[in-house]
Amino acid sequence: MTVKVTTTVNGRQVSGDVEPNTLLVEFVRENLGLTGTHVGCDTSQCGACTVHMDGKPIKSCTILAVQAEGHQVVTIEGIGAPGALHPMQAAFQENHGLQCGYCTPGMIMAGIGIVERNKGKTLSEETIRAELEGNICRCTGYHNIVKSIAAAARDM
Amino acid sequence: MYNFTYHRAGSVDSAAAKLAESGDGKLLAGGMTLLPTMKARLAQPSDLIDLNEIEGLKGITVSGGTVTIGAMTRHADVAASAEVAQAIPALAKLAGLIGDPAVRNRGTIGGSISNNDPSADYPAAVVGLGATVVTNKREIAGEDFFTGMFETALDEGEIVTAVRFPVPEKAAYFKFPNPASRYAVVGVMVASTSGGVRVAVTGAAPCVFRQSDMEKALSASFSADALAGITQDADGLNDDLHASAAYRANLVVVGAKRAVAEIA
Ligand SMILES: Cc1cc2nc3c(=O)[nH]c(=O)nc-3n(C[C@H](O)[C@H](O)[C@H](O)COP(=O)(O)OP(=O)(O)OC[C@H]3O[C@@H](n4cnc5c(N)ncnc54)[C@H](O)[C@@H]3O)c2cc1C
Ligand code: FES
Ligand code: FES
């Protein structure tokens, strides 16, 4: 039996009928067509599926779509636009913070969380590396990802 | 994952009622363990009763020498709490070492202790600090709560509502994380409390345990030197691809010494 979900995604109210076992990542990709959020491991380890719920990074493969009811979800599509990139997106572009790009949406959403959690403190490379623990880059391109987040921290 | 019927509970009583009515229902807290288990088709609950919208289960209060943490309080909120950091810094640190930031934004103390993973961090805090687990039916002393691997003293249909931690004189937590999963290969909570010295070990054995030899030695003299002659028996400790029982036994001693050195 399907359930109706009504939630706010990227500032827009959306709704859809889903099976209870539909994951949030399936809802945003398949029902809403927002395919910027990727599925990597599907086991809560890699962070490719990271979105923000109520302003905090979460793994959208480990939450049910029905649990977003009444909450604010922001995906990679919601933070900037071509020509008006979010400072984190711009920093990834300028610092070559990606290789194949598969992990990048999740890295950017996690990166924004890192900068926001550490507002008012100096964001050391060590902190960035530690807080990226839940995001895995299969191209192993961590150096430029860390540089990108450090650069964005100065502009956010 | 197999399908199920979803219920959003508005109160603990209605969650308990829905749980009792359902054939094989399960409570859904942070979902950080339950949903992966269901995705892997290792569990097939008939119903999920979601506790996330029950406001009364969230939050931290510090008063009268006690830190009370609601069952649905996220690891990130315990880690970031200035009040917890002030009253029991070791507890804030422990919460901040669980998994990664996204896991900490969803995972809850109630879900963690109810699940009682042998490598979970919170059991070391609950036992090591002499906490009390509060449920919708009764209060359970922390050390009676964890009964075995993935087993607790909770009855069928019983819901954890909060955990009460008495503020210790001093406490420190050592964790040796698995480099891949971040779960504790070994975690040791050492605390000097009004009820005496407590040393609780997680990760090393199938269930959290108190290390009584260390407790005795530290009661006589609270210093890392007091642990000099103490060894941990490797018998019965976990032995797997992550670490042998002998390695874990050694880590228990190293961890306890480091924790004591931090606060002695
Ligand atoms: C990538 C990753 C890394 C992790 N690393 C660590 C780590 O380093 N250390 C660590 O300790 N943990 C770790 N965890 C586990 C994490 O802490 C989970 O949050 C925790 O194990 C389960 O809590 P939950 O709130 O997500 O509960 P859920 O998964 O929702 O529930 C777990 C179980 O508890 C039951 N339950 C939930 N709430 C209650 C309640 N109030 N009363 C009674 N029963 C209840 C549920 O029915 C279920 O059976 C990790 C998890 C992931 C995915
Ligand atoms: S796809 Fe969600 S954490 Fe990997
Ligand atoms: S850039 Fe390829 S997975 Fe990270």
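Helices (H or I, at least four residues) and strands (E, at least two) are DSSP runs, numbered from the N terminus. With that in hand, we can place T193(B) in strand 12 of chain B. This is a predicted model, in which local features need pLDDT of at least 70, side-chain atom pairs count only at pLDDT 80 or more, and totals for chains, interfaces and linings use all residues. Residues are numbered from 1 along each chain as its sequence is written, chains are lettered from A and ligands numbered from 1 in the order in which they are written, and side-chain values use heavy atoms, with hydrogens and water left out.

**Around T193(B)**

T193(B) counts as buried because its relative accessibility is 13%; the cut-offs are under 20% relative accessible area for buried and over 50% for exposed, with partly exposed in between (1.4 Å probe, protein chains only). A polar atom of the T193(B) side chain lies 2.7 Å from the backbone oxygen of G196(B). Neighbours within four places in sequence aside, T193(B) is in contact (heavy atoms within 4.5 Å) with P168(B), E169(B) and R198(B).

**The sheet and the core of chain B**

Strand 12 belongs to an open sheet of 4 strands in chain B, ordered 11-12-13-14 with antiparallel pairing. Two strands pair if DSSP finds at least two bridges between them. Strand 11 and strand 14 (209–210) of chain B each have a single partner strand, so one side of each is left without a neighbour in the sheet. Strands 11 and 12 of chain B are joined by 8 bridges, and F174(B) has V188(B) as its bridge partner in strand 12.

Strand 12 also helps to build the largest nonpolar core, being among the elements of chain B that supply at least two residues each. Such a core is a set of buried Ala, Val, Leu, Ile, Met, Phe, Trp, Tyr and Cys residues joined through side-chain atoms within 4.5 Å. This one has 39 residues, and M189(B) is one of those touching the most other members. Beyond four places in sequence, the contacts of M189(B) include A90(B), L94(B), L129(B) and Y173(B). Another core, of 31 residues, lies apart from it and includes V9(A), I63(A), F4(B) and L34(B).

**Strand 3 of chain A**

In chain A, strand 3 (residues 50–53) is covered on both faces: T50(A) and H52(A) are buried on one side, V51(A) and M53(A) on the other. Its two antiparallel partners are set out below.

| Partner of strand 3 (chain A) | Bridges joining them |
|---|---|
| Strand 4 (residues 56–59) | 4 bridges |
| Strand 5 (residues 72–74) | 2 bridges |

V51(A) stands opposite I58(A) in strand 4, while H52(A) has V74(A) as its bridge partner in strand 5. Strands 3 and 4 of chain A form a hairpin with 2 residues between them, and D54(A) in the turn has a positive phi of about 50°.

**Where the chains meet**

The contact between the chains takes 28 residues from chain B and 24 residues from chain A. Together they bury about 2100 Å², 54% of it on carbon and sulfur atoms; buried area is the accessible area (1.4 Å probe) that two parts lose on being put together, summed over both. K39(B), N105(B) and R106(B) supply 24% of the area that chain B buries against chain A.

The interface has 3 salt bridges, each a side-chain nitrogen of Lys or Arg within 4 Å of a carboxyl oxygen of Asp or Glu. D100(B) forms a salt bridge with K59(A), with the closest N and O atoms 2.7 Å apart.

Notes:
Polar contact = N/O pair within 3.5 Å; in protein donor to acceptor, adjacent residues only side chain to side chain.
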